[in-house]
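Me: I have a model open and would like to learn how to read it. Could you take me through a few of its features?

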Amino acid sequence: MPDFEKEYFTLTPEDAISYIKQKSDYFNKDAELEAAEIGDGNMNYVFKVRDKISGRSFIIKQAGPVARISDEFKVPTYRNRIESDLLTLLHRLSPGIVPAVYFHDPVMNCFVMDDLSDHQILRAALLDHKKLPRFADDISTYLANSLLLTSDVVLDHKEKKELVKQFTNPILDEITEDLVFTEPFYDCPRNDVLEPVHDFVKKEIWADEKLKLETAKLKFDFMTHSQSLLHGDLHTGSIFVKPDSTKVFDSEFTLFGPAGFDIGLLIANFIFAYANADATMEDKTAQKEYTKWLTDTTVQIIDLFFEKAGSLWDEKATEKVACYSGFREQYFKRILSDTAGYAGCELCRRVIGIAHVKDLTSIEDKTKRVHAEELSLLAGKKLILSREFISTGKDFVNILSEIEKKR
Ligand code: SR1
Ligand code: MG
């Protein structure tokens, strides 16, 4: 039996079975366990261990020393502690929307959590054109709880600073700083631009000095504005869904940063789903219906977030100056413009940078893929440049239809 107490090593599926037997009493003595590595993300190893007799199963998530997407990224294994601490905290704030973590192991750099295999990754569900009636309500609750209840508006400021220490995550922050804000906006060797989109990127993005200046401001706000405890990578691959359930996971990129970053990432990924449906759905009636569901949901996520965050502010604000006339409005206005700006950066970086999204890469027809990528870039650019003028969820969707009309 391998020794899991002494020093870290990367688990195999067989090790995962021994590990769970040794470290827990989750399974009966007569359990017949099977295990598989099911991770398909850019970073970690994910083992599902299942009892063939009872069907009961758990997930072991282990951090490796380099990213799976490329061994250029040396990533500290202690990120696994940060991720499990964050999931534990978020589970307390939004119990039904964040899975339970059972324990974290600082030697093997892994943690054990609920198996969510009865759910589907949101990105895959959107690419299957599924409508999720509860999603906007669930995710706006999650966003309002996580972003407002960890801010200085509600938290005791000393307690918040303790959390800032607990969740300081410099190496993963640097990955986001480079991949989301820096590399996509110049001709960086690590970028990976589809050849027929290259000239468009050169003209519309790399040659636009005004745009670049705005991305510099957004980058510096990301690095310096420690407003709320963020998930840090809230794209549609970091959320599991069923029609009646939503679960947020994969939170290793967490940091204290501008609240609009989490909302913006999610909105950008809804726009990718829109671009995919626009490019791939042949039945035009079904396409119209589905893209409407996507844009309606986008609007609802934003508007419900502000409604719920407003109620939490009224109920739970402890900061003395929070009740000054106009302060709440100004605070929320800033979150909205940040949401637009960060959505814009995500839209550009997933087309230009190293880490792509399946919504675009899976479009088989080359011309349609180019169209979808250019739509994403134009929406991204417009959101960044006009972020101060956005005042409702509907404004995000209007930007898409304005671009479509002009093309
Ligand atoms: C090196 S990691 C590349 C990307 O994958 C993660 O999911 C984050 O989005 C990161 O930017
Ligand atoms: Mg991830």
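Reply: Happy to. Let's begin with a working term: two residues are in contact when they have heavy atoms within 4.5 Å. Keep in mind that this is a predicted model.

Me: Then let's use that term on one residue. What does Phe-270 touch, not counting residues up to four places away in sequence?

Reply: Its partners are Leu-122, Leu-126, Phe-135, Thr-236, Trp-293, Leu-294, Thr-297, Thr-298 and Ile-301. Phe-270 itself sits in helix 9.

Me: Is Phe-270 buried or exposed?

Reply: The general idea is a cut-off: a residue counts as buried under 20% relative accessible area and as exposed over 50%. Phe-270 has a relative accessible area of 1%, so it is buried. You can also look at its surroundings through the backbone: the C-alpha atoms of Phe-270 and His-235 are 8.7 Å apart, with their positions 35 residues apart along the chain.

Me: Now a whole element. How far apart are the end C-alpha atoms of helix 8?

Reply: The idea is to count 1.5 Å a residue, and for the 16 residues of helix 8 (residues 209-224) that gives an expected span of 22 Å. The end C-alpha atoms are 23 Å apart, which agrees.

Me: Which residues of helix 8 are buried?

Reply: First the general idea: an α-helix has 3.6 residues a turn, so residues three or four places apart point the same way. In helix 8 the buried residues are Leu-211, Glu-214, Thr-215, Leu-218, Lys-219 and Phe-222. These cover an arc of only 145° around the axis, which puts them on the same side of helix 8. On the face turned away from that buried side you will find the exposed residues Glu-209, Lys-210, Phe-220 and Thr-224.

Me: What covers the buried residues of helix 8?

Reply: The cover includes helix 6 (170-182), helix 7 (198-206), strand 10 (255-257), helix 9 (260-280), helix 11 (327-352) and helix 13 (366-385).

Me: A glutamate among the buried residues caught my eye. What is the relative accessible area of Glu-214?

Reply: The value is 14%, which means that Glu-214 is buried. Leaving out residues up to four places away in sequence, Glu-214 touches Ile-384, Leu-385 and Arg-387. The C-alpha atoms of Glu-214 and Cys-345 are separated by 10.0 Å, although these residues are 131 apart along the chain.

Me: And which residue caps the N-terminal end of helix 8?

Reply: That is Asp-208, with a side-chain oxygen 3.1 Å from the backbone nitrogen of Lys-210.

Me: Let's turn to the loops. Which residue in the loop between strand 4 and strand 5 has a positive phi?

Reply: Look for such a phi in a residue that is not a glycine. Asn-109 has a phi of about 50°, and it lies in that loop. At a relative accessible area of 9%, Asn-109 is buried. His-129 has a positive phi of about 60° and is not a glycine either. His-129 belongs to the loop between helix 3 (122-127) and helix 4 (135-149), and is partly exposed with a relative accessible area of 28%.

Me: Finally, how do I read the chain as a whole?

Reply: Try the radius of gyration. With 407 residues, a compact globule would have a value near 22 Å; the chain has 21 Å, which agrees. There are 14 helices and 10 strands in the chain, and buried residues make up 57% of its 407 residues. Of the contacts between residues at least 6 apart in sequence, 71% join residues at least 24 apart.

Methods
Residues are numbered from 1 along each chain as its sequence is written. Chains are lettered from A and ligands numbered from 1 in the order in which they are written. This is a predicted model: local features need pLDDT of at least 70, side-chain atom pairs count only at pLDDT 80 or more; totals for chains, interfaces and linings use all residues. Side-chain values use heavy atoms; hydrogens and water are left out. Helices (H or I, at least four residues) and strands (E, at least two) are DSSP runs, numbered from the N terminus. The expected span of a helix is 1.5 Å times one less than its number of residues. Buried means under 20% relative accessible area, exposed over 50%, partly exposed in between (1.4 Å probe, protein chains only). The arc is that of the directions from the helix axis to the C-beta atoms. A polar contact is a pair of N or O atoms within 3.5 Å; within protein, one must be able to donate a hydrogen and the other to accept it, and residues adjacent in sequence count only if both atoms are side-chain atoms. The radius of gyration is taken over C-alpha atoms; the globule rule is 2.2 Å times the number of residues to the power 0.38.
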